[in-house]
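Below are my comments on the model, set out as numbered points.

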Amino acid sequence: MQFGIFTVGDVTPDPTTGRTPTERERIKAMVAIASKAEEVGLDVFATGEHHNPPFVPSSPTTMLGYIAARTENLILSTSTTLITTNDPVKIAEDYAMLQHLADGRVDLMMGRGNTGPVYPWFGQDIREGINLAIENYALLRRLWREDVVDWEGKFRTPLQGFTSTPRPLDGVPPFVWHGSIRSPEIAEQAAYYGDGFFHNNIFWPADHTKRMVEFYRKRYAHYGHGTPEQAIVGLGGQVFMRRNSQDAVREFRPYFDNAPVYGHGPSLEDFTEQTPLTVGSPQQVIEKTLSFREYAGDYQRQLFLMDHAGLPLKTVLEQLDMLGEEVVPVLREEFAKGRPADVPEAPTHQSLLAGAEKEVVA
Amino acid sequence: MKLVVVSAGLSVPSSTRLLADRLAAAVGRHTPVDLEVVELRELAVEIAHNFTNGFAGRGLAAAQDAVAGADGLIVVTPVFSASYSGLFKSFFDVLDKDALAGKPVLIGATGGTGRHSLVLEHALRPLFAYLRAVVVPTAVYAASEDWGAEGLAERIERAAAELAALMPLAPRGAEETVVPFAEQLARLGGPAR
């Protein structure tokens, strides 16, 4: 099972000091966080893609390419890549390039964005959101899998004799996850292709996540990729830890109360009770995370949100130390217990390459 | 059949709830009903949180499920500032937009004076038309003076009979369905690969 972190890349004032980091500071902090993730033995770093303030990561492959050069093992991913408003041709090129630079340590998560105006800003119509996700992704797959593409569709100018370069590393396209909170059409799309399905999970009660994941698993089996239990599932999570759980609550509360998205809403206590957010000791984080399996089944990837709401870099790095040293080793051990042998690991470049070579031999 | 009452009355006891109960009892005289009452006052905080965090807490989710699974609805609000109350509107703002499609709904309102009675026609009926509910022709308004006058009982009976007649036609909640992917792709004119 893979463990990692995903970042939204928000520039938020620290509510305890009132200080807002500069964009440069935030971007460099994201790089420091990714480096720390590798140092403490995490598997994945994923960055969001946003085109509006207060977010900085508009250019994910620039950032991931830089991180790739400073890491050895970390898988670089997105959370999410806007399949709706980016040109699929540019996604095909950018991420194939990144694959080569990162020696295959790349996958992507497709999503539709967090703000309505991003559609018109990029010349698209929000009412076509699902259709854009479907058509653009179908084209992206072809660009990675066919050397020469003739293509015509509804949303983009046609292509004649087009070759996307560079070709995917070793002829193996990056593995793709599809992220969706509430659209069964996206779970259906993931299932159809046998791709991964990621539920952000963090702002939602368990029964909602459970329904979406169950639907994806059922459709994955329907399309003949394996049993429902073999479908490739990822989940989000959100934690803040201190040795003593009261200290964690005291320190995190001002960040929670003023957080973008859920700040000024329900109490920290209600929110931790109803969603995967855990604020407490490492042991509490372990227990809560292990409970995700009860509603999502044995799954492949767990990403934590660790660095938002204005938390200072120093604090985030301390959190990652605890996550990597105290939490994840226990999670690896516990999640492995009782995990059926035929539940696969998340695909990586190596495993996809081995699969492709086997196919050629057969 | 399942009848759900949504009452936005705030005081206890409330004349809004009183009207809602009278309407529900009248429907029950026309057809056997399994009655569930949703008091929005008890859900006020969860409704506010739904706006800020995007999901319904347990009590609100249960109320939303009840409404979505009803064969008929009775919705009653006090008149505030020439319209339905903000709490009443907020409950429907955070309800799934398709939850009321095709559902028979009886609308009612209460107020201190009869001068606000057209709130039913000018505010509630368009709201439920937008939500694609089937609103019964008779809407029932009860001003303070109506509780001591003739006429209210007859209007309640007529509206209840109209709702009872429509309830067997309510659409049954279907399981979450999705267009099979190949079909979705074909609609865009591209081949599935």
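The points go from chain A as a whole to its contact with chain B and then to one helix.

1. This is a predicted model. Chain A has 12 helices and 12 strands.

2. On overall dimensions, a compact globule of 362 residues would have a radius of gyration near 21 Å, and chain A, at 20 Å, agrees with that. Along the principal axes, the C-alpha atoms of chain A occupy a box of roughly 60 × 45 × 40 Å.

3. On packing, 48% of the 362 residues of chain A count as buried. Among the contacts in chain A with a separation of 6 or more, 74% join residues that are 24 or more positions apart.

4. The contact between the chains involves 23 residues from chain A and 15 residues from chain B. On the chain A side, helix 5 (129-145), helix 6 (184-193) and helix 7 (206-222) each contribute at least two residues. Which helix gives the largest share of that side? Helix 5 of chain A does, with 6 residues. Sorted by class, the side of chain A that touches chain B consists of 10 nonpolar, 7 polar and 6 charged residues.

5. Helix 5 of chain A can be checked for length. Its 17 residues, at 1.5 Å a residue, should span 24 Å; the C-alpha atoms at its ends are 24 Å apart, so the two figures agree.

6. Helix 5 of chain A is also mostly covered, with 13 of its 17 residues buried. This helix therefore combines a length that agrees with the expected 24 Å and mostly buried residues with the largest share of the side of chain A that touches chain B.

Note on methods:
Residues numbered from 1 in each chain as written. Chains lettered and ligands numbered in written order. Predicted model: local features only at pLDDT ≥ 70, side-chain atom pairs only at ≥ 80, totals over all residues. Helix = DSSP H or I, 4+ residues; strand = E, 2+ residues; numbered from the N terminus. Rg over C-alpha atoms; globule rule 2.2 N^0.38 Å. Buried ≥ 20, exposed ≤ 12 C-beta atoms within 10 Å, placed from the backbone. Contact = placed C-beta atoms within 7 Å. Nonpolar A, V, L, I, M, F, W, Y, C, P; charged D, E, K, R; others polar. Expected span 1.5 Å × (residues − 1).
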